[in-house]
Amino acid sequence: MRRAALLLAASLAAGAAIAQPIAFDAAERARILSHGPWPMAWSPDPSNRVSGRPAAVALGERLFFDTRLSGNGLVSCAGCHRPKQHWSDGHARAIGHAEADRNTPTIANLRHSRWFGWDGAADNLWAQSLRPLLDPREMSFSIAALARLVRSEPAFDCRYRAAFGRSVPADDEQVALDAAKALAAFQETIVTGRTSFDDFRDALARGDATAMARYPAAAQRGLKLFVGRAQCSVCHGGPLFTNGEFAEIGVGHFVRPGVVDPGRHDGIRKLKASPYNLLGRWNDDRSRGTATGTRHVAAEHRNFGEFKVPGLRNVAETAPYMHDGSVATLREAVRHYSELDPDRVHSDGGTLLKPLKLADAEIDDLVAFLRTLTEPPAPFARRELTEPRCD
Amino acid sequence: MRLRHTVALALALAAAASAAPLAAADLPIFDAHIHYSHDAWANLPPAQAVDTLRKAGIRRALVSSSGDEGTQRLVAAAPDLILPSLRPYRSRSDVSTWVRDATVIPFLEERLAKHRYVAIGEFHVYGADADLPVMRRVVELAKQRGLLLHLHGDADAVERVFRQDPGARILWAHSGFTDPASVREMLRKHANLWCDLAFRSDPAAGGKVSPEWRAAFEAFPDRFMVGTDTYTPERWLYVGEHAKWAREWLADLPRPLAERIAWRNGEALMAKVARSGL
């Protein structure tokens, strides 16, 4: 750290128009380094036998963009998870057949997740992919209709055979789960690109002061707050900028008067009851090696009103924020933590969340840092027409 | 006088319940930890809040609010159900400052002169803060009026209050968020200490009481009670779920012990308060 600071100072002495050096202590430096490297290593999902298979990815991509996977033939997965909007939709609450209760989260980087959905009601990506298809407010489809479509549409039937190495079976539920696994295989390919933060982080790791100095001063100050006094990185930790778990952060969770969104508390109940969890027969991994969390998780009082801690990569491009989209801008989201009501967050003597009481300039700096988590524009190109050749 | 009538009603209820044993699903609940703060009023008017409690099988609820107006509204709506406790918070923001804020005292004195209460609390206090002048005056006020102290804090704070007034009665919110062995030690040392189990999930899992907590309940069968802790308005919609959860694990205990924790201990404590109250 000291060496890096000296090098940075030497660069400044050279007179280039570069950022002023920000001093990071050893703990801050360790936390910054923990947010990388990016991209993360990944291996296919053992619960999904077609995870990582190009033919399954091709089938999943076809399914993802097809509006026939809905009750009214007008709604596709991509209707809410829009590639041009970083796989979100810009609405406060998702709109399918009707308005849902929660914000549409991005699906980028999901392949590294342990729990899925704002409430973690799924422990695997294929079960999570099936959920909106069957929700009457979202796609309002059915197991039987999905199976029928896969069988009757030659483009699906062909790709199914390529992906799964067999004809489409007669069992509707089997077909639906396979389709969900193909959808999961496609979504696993959606990974955000490197950002200017990643360049800074790697420069810090190798002590390259010149490269570090290219990172804007405001972002460096914001980063220092993020890993330091504001303690954001406690929950928004690691390369994904999330611990993958759930938290109550003082955001109201009434859906409407008299109706509350229980969040994680109900998510655990749904997870345990789901026939599609990792303990069930649809898990392709007979060892159940990734099912330990599902086996042991149990609802606690604190889970009521908890929602998943979202990753922050591309966060500047995925407004509005919070589980219900109730916060319109990134600046407001930061301000929430600056001014939150401590009595809305239960204290057992040492609560993490306290109002940060940030100055306006500090909020600016945190926002500047968060903006550096945005990948450069890289238009999504569909591969469906060439992999595999079925048309 | 009104308070004594309420307690008499509760004792009659207790007698009736003991005469006809109930199934676990029907176990009445004395909820020792309810808040009805300003933002709850808008979302859940008093009549609806009372209805929520009754539907959950809550027979009596110790209620404190930030500010006190919420408690008074509930008392007016259901005097048979609501046991009012005076919280030293005019708004929630007082939670971290009250113990160093001398203006809290005239607020408490004015409310105590105007309304009847069974307790002062729930308030948050830790360690040496319990010996600050504001807290000392709270202990004095409770002593003068025979009121329970509903204390959310560590064992050190509890010890300091008992040193100030060895005769104080303390309901230790959340059982101090400490482990069952430490709770037992505190209960052994202090005969006037009771514990609520609000916001604690560790006493039981899957309807089965943990061995450590079972030992604590068996060693001190007359000192524990359950509580929901409606610290946000949304938590009012968790009251029924919480009561159901409590009944599930209480059913894992011998019936007499389950009844004590569910409601008899709360009623017995209120009877003590009524006997010593002004």
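**Architecture of chain B and its contact with chain A**

Chain B contains 11 helices and 10 strands, as assigned in a model that is predicted. The C-alpha atoms of chain B occupy a box of roughly 50 × 40 × 35 Å along the principal axes. For 278 residues, a compact globule would be expected to have a radius of gyration near 19 Å, and the 17 Å computed for chain B agrees with this. Of these 278 residues, 51% count as buried. Among the contacts in chain B with a separation of 6 or more, 73% involve residues 24 or more positions apart.

The strands of chain B include 8 that form an open sheet with parallel pairing, arranged in the order β1-β2-β3-β4-β5-β6-β7-β10. Strands β1 (29-35) and β10 (224-225) of chain B stand at the edges and have a single partner strand each, so that one side of each is left without a neighbour in the sheet. In general, the strands of a sheet pair through backbone hydrogen bonds, in either a parallel or an antiparallel manner.

One such pairing can be followed at the level of residues. Strand β6 (residues 170-172) of chain B runs parallel to strand β7 (residues 193-196) of chain B, and 3 bridges join the two. Within this pair, Ile170(B) has Leu193(B) of β7(B) as its bridge partner, while Leu171(B) stands opposite Trp194(B) in β7(B). The side chains of β7(B) are divided between two directions, with Leu193(B) and Cys195(B) pointing one way and Trp194(B) and Asp196(B) the other way, and all of these residues are buried.

The sheet is also covered by a helix. Helix α11 (residues 255-276) of chain B lies across β1, β2 (58-64), β3 (82-86), β5 (148-153), β7 and β10 of chain B, and runs at about 70 degrees to β1(B). Ala274(B) belongs to this helix, α11 of chain B. With 18 other C-beta atoms within 10 Å, a count below the 20 required for a buried residue, Ala274(B) is therefore partly exposed. The C-alpha atom of Ala274(B) is separated by 8.1 Å from that of Gly146(B), although the two residues are 128 residues apart along the chain.

In chain A, helix α5 (residues 125-134) and helix α8 (residues 172-187) have axes that come within 8 Å and cross at roughly 110 degrees, so that α5(A) is roughly perpendicular to α8(A). On the side of α5(A), the contact is made by Leu125(A), Trp126(A), Ala127(A), Ser129(A) and Leu130(A), and on the side of α8(A) by Ala176(A), Leu177(A), Ala180(A), Lys181(A), Leu183(A), Ala184(A) and Gln187(A). By class, the residues of this contact between α5(A) and α8(A) comprise 9 nonpolar, 2 polar and 1 charged.

Elsewhere in chain A, strand β2 (residues 254-256) includes Arg256(A). Arg256(A) has 7 other C-beta atoms within 10 Å and is therefore exposed. The C-alpha atoms of Arg256(A) and Pro154(A) lie 44 Å apart in space, with their positions 102 residues apart in sequence taken as a separation.

Between the two chains, 19 residues of chain B are in contact with 18 residues of chain A. The side of chain B that touches chain A is made up of 8 nonpolar, 7 polar and 4 charged residues.

Key. Residues are numbered from 1 along each chain as its sequence is written. Chains are lettered from A and ligands numbered from 1 in the order in which they are written. This is a predicted model: local features need pLDDT of at least 70, side-chain atom pairs count only at pLDDT 80 or more; totals for chains, interfaces and linings use all residues. Two strands pair if DSSP finds at least two bridges between them. Helices (H or I, at least four residues) and strands (E, at least two) are DSSP runs, numbered from the N terminus. Two residues are in contact if their C-beta atoms, placed from the backbone, lie within 7 Å. Axes are lines fitted to C-alpha atoms, for helices over the stretch in contact, and angles run from 0 to 180 degrees between N-to-C directions. Angles under 35 degrees count as roughly parallel, over 145 as roughly antiparallel, 65 to 115 as roughly perpendicular and the rest as oblique. Ala, Val, Leu, Ile, Met, Phe, Trp, Tyr, Cys and Pro count as nonpolar, Asp, Glu, Lys and Arg as charged, and the others, Gly among them, as polar. A residue is buried if 20 or more other C-beta atoms lie within 10 Å of its own, exposed if 12 or fewer, and partly exposed in between; C-beta atoms are placed from the backbone. The radius of gyration is taken over C-alpha atoms; the globule rule is 2.2 Å times the number of residues to the power 0.38.
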